[in-house]
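I opened this entry to record what I looked up in the structure. The notes run from the whole chain down to single residues.

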Amino acid sequence: MKYFNSLLVSFFLLFYTTNAFNITHILGKYPDFSTFNNYLTQTQLAAAINSRQTITVLAVDNAGISPLSGKPADELKKIMSVHVVLDYFDDEKLKKLSKKTSLLTTLFQSSGQAIGQQGFVNVTNLSTGSVVFGSGVKGSALGANLVKSVDAQPYNISVLQISTVIIPPGIDASTANSSTNSTAKSPQASPGPGPASVPPTKSPKKSPPTAAPQPSEAAPPPNAIADSPAKDDADVPTADAPAKDDKKSAGVALRLGVFVVLVIAVSTSFIGLVF
């Protein structure tokens, strides 16, 4: 019985050691990936990788990882998790892709924080025989080349070196701020036409003063006319003023006519006396 128990424990330990891996220890053997290895530890992605049974890590050496320098911890974790593929791919498997191109699911996609295709990596096998990587977001460039296989435990973990980091559009603050600034400028442009539309409202106000002198200088102010229709009725008595002038002129004409008649009568009587 004791022999059976020891054999069972030995088998369990053998199974555990053949399936377990530690990404920190694997990359620790390669000084060129020290920065990438430190980022995995800082973002706690190393523990997430070690908890998986099948994984592929797209590692970037110290020379190519400089674009991530100074990134906030949250953004760094998102970008680094894009470099962890939730399946096993070595260089031979990549070069035998049936469709020559494929979208690979990453650890960032499983986090639930990815927007659209940000959580996928596009891998394409070119006709030249080289393999290139890029973001799964539509229109993204395939700018990361497969350099070499760094380490592998078949069907458990594969570490592949790529030439540069993969940053999906909109995942970091620089691209997010540029998009929000562009959208923020459009509302600023919309008030521009607003003030431009105000002068037309002022121009009708300026037109009444120019039209006011045309009827007469004694006409009521245009502002008073624009204030209420009741004052338009007040303009009607001004039409009576010419009637009064006509009455005065008629009276004067009548008096002149009487005076002329008297003058003629006196003149004729005077002439009759003379002759």
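I take helices (H or I, at least four residues) and strands (E, at least two) as DSSP runs, numbered from the N terminus. The model is a predicted one. On that basis I find 12 helices and 7 strands in the protein chain.

**Whole chain.** I looked up burial for the chain: of its 275 residues, 26% are buried. I put the accessible surface at about 17,500 Å², and carbon and sulfur atoms hold 63% of that surface. I then sorted the contacts with a separation of 6 or more, and 58% of them join residues 24 or more positions apart.

**Sheet.** I traced one open sheet of 7 strands with mixed pairing, in the order β2-β1-β7-β6-β5-β4-β3. Its edge strands are β2 (84–85) and β3 (101–105), each of which pairs on one side only. I checked the pairing of β1 (residues 55–59) with β2: the two run antiparallel and are joined by 2 bridges. For Val-57, I noted Val-84 in β2 as the bridge partner.

**Helix α3.** Which residues of α3 are buried? In this helix, residues 34–42, I list Phe-36, Asn-37, Tyr-39 and Leu-40. Seen down the axis of α3, these buried residues fall within an arc of 160°, so they line one face of the helix. I next looked up what they pack against, and found α2 (23–28), α4 (45–50), β1 and α5 (73–81).

**After α3.** I noted that Gln-44, which follows α3, has a positive phi, near 65°. Thr-43 sits in the loop between α3 and α4. Is Thr-43 buried or exposed? The cut-off for buried is under 20% relative accessible area. Thr-43 has 7% relative accessibility, so I count this residue as buried. Leaving out residues up to four places away in sequence, I find Thr-43 touching Ala-73, Leu-76 and Lys-77.

**Core.** I looked up the largest nonpolar core, which has 44 residues. The members that touch the most other members are Ile-23, Phe-36, Leu-40, Ile-49, Phe-133 and Val-159. Two of these names, Phe-36 and Leu-40, are already in my list of buried residues for α3. I followed Ile-23 further, again leaving out residues up to four places away in sequence. Ile-23 touches Asn-37, Leu-40, Ala-46, Ile-49, Asn-50, Val-57, Ile-157 and Val-159. Val-57 also appears in my sheet notes as the bridge partner of Val-84.

Key: Residues numbered from 1 in each chain as written. Predicted model: local features only at pLDDT ≥ 70, side-chain atom pairs only at ≥ 80, totals over all residues. Heavy atoms only, no water. Buried < 20%, exposed > 50% of the residue type's maximum accessible area, 1.4 Å probe, protein only. Contact = heavy atoms within 4.5 Å. Areas by Shrake-Rupley, 256 points an atom, 1.4 Å probe, with all protein chains shown as cover. Pairing = 2+ DSSP bridges. Arc of directions from axis to C-beta. Core = buried A, V, L, I, M, F, W, Y, C linked by side-chain atoms within 4.5 Å.
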